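Morning, everyone. I have a few short stops to walk through today. Let me put the structure up.

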Amino acid sequence: MSHNSFSHGGQKCATFWNTKIPRSSTEGAADSKDGRSRAGRRQRQNVVLKLTKHLGSMAVFGNYRYASLYFITGVGPQDNELLTLEIIHRYVEVLDRYFGNVCELDLIFNFHRAYFILDELLLAGEMQESSKVTVLQAIHDQDAIEVEDANEERSK
Amino acid sequence: MRQTVFYRLKDLIKAIRACKTHADERAVIQKESAFIRTSFKEENTELRHANISKLLYIHMLGYPAHFGQIECLKLAASPMFSDKRLGYLGTMLLLDENQEVLTLLTNSLKNDLNHSNMYIVGLALCTLGNIASAEMSRDLCSEVEKLLGSSNMYIRKKAALCAIRIIRKVPDLQENFVVRASSLLNDRNHGVLLSGITLITEMCLLSQDTLVKFRKAVPVLVRHLKNLVIAGFSAEHDVTGVTDPFLQIKILRLLRFLGKDDVESSETMNDILAQVATNTESTKNVGNSILYETVLTIMDTPSDNALRVLAINILGKFLSNRDNNIRYVALTTLNKSISLDVNAVQRHRNIILDCLRDADISIRRRALELSFSLINESNVRVLTRELLAFLEIADNEFRPSMTTKICLAAEKFAPNKRWHIDTVMRVLKLAGNHVREEMLAAFIRLVTQTSDLQGYAVHKLYAALREDISQESLTLAGVWVIGEFGDILVSGGNYEEEELTKEVSESDVIDLLESILAGPFANQVLREYIVTGLMKLTSRFTSASSVERIKQLLTGFKTSIEVEIQQRAVEYLNLFQYDEIRPAVLERMPVMKIRETIIAGERLNSAAPGSAGAQTSSSAGPSDQDLLLDLMGIGTSGGTTNAQISTVVPASSGSSNANNIDLLADLFGGTNVSSPPPASSPSAAAVSDLFAGIGSTPAPVASPPASNAGGNILDLLGGDITMTATSPTPAPAPSRPAPASSNGSSTGQQKSYSVYSKNGFSVTFTPQRDSGNPNVVNILTTFRNDAGESGGAIDGVEFHAAVTKTQQMQMRPASSSEIAPGGNATQLIKIANPQKTPVRLRLKIVYITANHGKVEELSEFAGFPEGAY
């Protein structure tokens, strides 16, 4: 299973749980960069196709109108496609709560945070936590530790 | 923008976003990458965090960032939490399990897995779970196992998922987790339960033993599911009114595997499955995803029939959902489950057929697939009608497979022949340009087989062609059937239907074929069909004017640039000279045998299906003539020709045998004819000699009359008719130059020309155009010993020839270099003459006679008169 979210500005965050595939080949998904000016359905289809080719699995394409963000998920033949849409939805909800009405720019400048959140939601390609509250709590706690660290550093 | 180096991530992102072109972007990134590289080299620890974050951004844009791998590991080993967090993220992004540096990671992971801070343990578990290699899995398995029993739920759930990665990499390790995993089933935390069930599912899939062990957990799972279904609203786990769909689906999924082929487990879960199936709200995607999973579980387990019907009904309900995704899922699942319960699926037939009109092409595709698998004897009429209606509007990409499938379904389930013919004809009408050749052949076979409907079919096709000649397969089928059954067509229809009562005259039919020829859709295959069809009509039609008209039409094709058509036209026109055998040659095709049904989707290797090949195959160009020969052979066997030919052998004797041999040699390409027998030889020897001549032909010889008939027809088709073979030659005097006079007088078509005659030795040429290639002239050279008994034998005969530059020559070996008195020998010369210049030869003749010794002569041959061959 792999998970991607990006907008017309190119890839914002991509995770591949099948690490057998060399990373260079999965970077095909990032080729959509030139879509910056002429993003279109076709380009998205290309990405889906590429993903499907690499992963040998079906791709679920979630089109969410949350600030024109697009999500692509590769699912295996045994996975529940409809639930995958819910997982995407759940991720968007958490992002929304974390950033407060998430938009493209949030993800661009905080791409690493988008990853951190994804890592709390999914692990090894499987759903890890079904509670939004728990996910957000874990993220906030870790952010707090970072701030603490930074303060200590400054006081030194 | 002009700033050399960006120190902060935010600045870098801004700069990159400000780039107008790719080249600008590349330049910025190259500069930045170079800086990061240098900074790494200088071991600048302060900048490491910022550098890695910038590098990850660069990596995400698709630029090389592998040089940061080691730095990520270093960052992850830092004591600072923020460094660790970014370091592990970088590790997950930049490394994959094939990297050797990954082994360096094992140690820091081991430390962090034992860390006191749960979030640091969480980071390590997350990293391990996402990129663990087989080696790391073995090294860190015990740590993960220990963490599975941690009192902290945050760590437990992550450890469970991490274990999934480990057992995926090293399946043997799964035994280590069985005990801990089963204790997770009683966990109250949803996250842990979710992860635990996922882990158990994975283990069950890996090992049948584990699966059997976990069957006893079915009641626990059922209880969990029941609690979720009846539980009231819980804000934490609610998704639009459904409590924790993620967990519900995981439980259903595990139940599916546990209940497979196990009646006891299946019985335990029947109630809850029914409850979920009936109580789950289906207005939203969440509810449908649960229903979908429930359906899969019901289908895969030996659940009771009522439940199965319920499941199929859920899918039926999905089909009427407005959401494409749900309709798609339903169609795919129905396709999979059709073998389980066809009747339940049949009930949703109408709605499936409605999906054929869906706007989404992938839904149309699935619906089509499903519709075809739904066809059976009882619904074939209804479904075919629907599918034909869809065929009319279907995308071109669907049509070839659709026409094949409809034809096959019609063949398999047709209630009667008339319906079958109607259906296929409708297919031909609607999508005649997308019909595979096999289907066309099958249709023609069908018509020839059903003798009581031939009239119906020919009338229908005639009417159809009057309306539309743009559908290739329809036109081909029509032309063939009209050619074959033209007599029935003009004998008047006795069919009540309006369009068919009309009288059709012979000239109407010819008009139609002529208009097809003149129309824009005529191609070579069609012309071939029409030429043959017209020829057949000459024996079906009675009025002389029709035949004359056909003759004229065919004459037009004599100069066709398509060799195949030209050849057919010439051959057919020659057939008019044999009116006594023509009707027999053009007799109705024998009823074709039923061939095994062509399995859908299977590509047949042979383009020409069976005996119908000669008429239906377009690509079987080279074999057409052979088939035609067969056809002719069938047509003439038992006809008049045999009787004529059989008289040849007994009637001829002495040297006239030699003439016959020559003629036969001529027919068969004239090689290896043995030297003629002495004049006194009995006719039995002559017969054996005759066989010797025939033996050199490729066709196996069964009996003298048959082979003679074959030869005769071969010659006949060769375009140059030799009547001598069929009429007994008068026994000539031994001293006569036989070929020249006897052939010349009997038909006037094949003349011999004297080239040389001296010292009792003569050479004659008998030119003939090659039947296979009009540009080739075959010259049969005959050497003859005219000296009589007194002159003795001539031996050492050598014959050399040279042609002009525009021509090419090939000489076959002479039949003999010794010629007995009164005897002769032959040699074949083939001259390729593409420019059709006059044939001129320079000759050198060498021979030894008893009277004159060795003679060497040079001579020239000025050419044959106009129209000699």
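Start at B:Glu281. Its side chain makes a polar contact with the side chain of B:Thr283, at 2.6 Å. This is a predicted model, by the way. So where does B:Glu281 sit? In the loop between helix H15 (263-279) and helix H16 (285-300) of chain B.

Buried or exposed? B:Glu281 counts as partly exposed, because its relative accessibility is 41%, and partly exposed runs between 20% and 50%.

Now its surroundings. Leaving out residues up to four places away in sequence, B:Glu281 touches B:Thr240, B:Gly287 and B:Asn288. Look also at B:Val242. That residue is 39 residues from B:Glu281 along the chain. The C-alpha atoms of the two are separated by 8.1 Å.

Stay in chain B and move to a helix pair. Take helix H30 (residues 506-518) and helix H32 (residues 544-557). Their axes come within 10 Å and cross at roughly 15°. That angle is under 35 degrees, so H30(B) is roughly parallel to H32(B). The crossing is left-handed.

Which residues meet there? From H30(B): B:Glu506, B:Ser507, B:Ile510, B:Asp511, B:Glu514 and B:Leu517. From H32(B): B:Ser546, B:Arg549, B:Ile550, B:Leu553 and B:Phe557. By class, the contact has five nonpolar, two polar and four charged residues.

Over to chain A. How many helices and strands does it have? Six helices and six strands. From the N terminus, the order is β-β-α-α-β-β-α-α-α-β-β-α. Chain A has 156 residues, and 61% of them are buried. Next, contacts in chain A between residues at least 6 apart in sequence. Of these, 50% join residues at least 24 apart.

Last stop, A:Glu120. This residue is in helix H5 (residues 111-121) of chain A. Its relative accessible area is 6%. The cut-off for buried is under 20%, so A:Glu120 is buried.

What does A:Glu120 touch, not counting residues up to four places away in sequence? Within chain A, the list is A:Gln128, A:Glu129, A:Val135, A:Ala138, A:Ile139 and A:Gln142. Across in chain B, A:Glu120 touches B:Tyr154 and B:Lys158. With B:Lys158 there is also a polar contact, side chain to side chain, at 3.4 Å.

To recap the two glutamates: B:Glu281 is partly exposed, and A:Glu120 is buried. Over to you for questions.

Key. Residues numbered from 1 in each chain as written. Chains lettered and ligands numbered in written order. Predicted model: local features only at pLDDT ≥ 70, side-chain atom pairs only at ≥ 80, totals over all residues. Heavy atoms only, no water. Helix = DSSP H or I, 4+ residues; strand = E, 2+ residues; numbered from the N terminus. Buried < 20%, exposed > 50% of the residue type's maximum accessible area, 1.4 Å probe, protein only. Polar contact = N/O pair within 3.5 Å; in protein donor to acceptor, adjacent residues only side chain to side chain. Contact = heavy atoms within 4.5 Å. Axes fitted to C-alpha atoms, helices over the stretch in contact; angles between N-to-C directions. Parallel < 35°, antiparallel > 145°, perpendicular 65-115°, else oblique. Left-handed = near helix turned anticlockwise from the far one by under 90°. Nonpolar A, V, L, I, M, F, W, Y, C, P; charged D, E, K, R; others polar.
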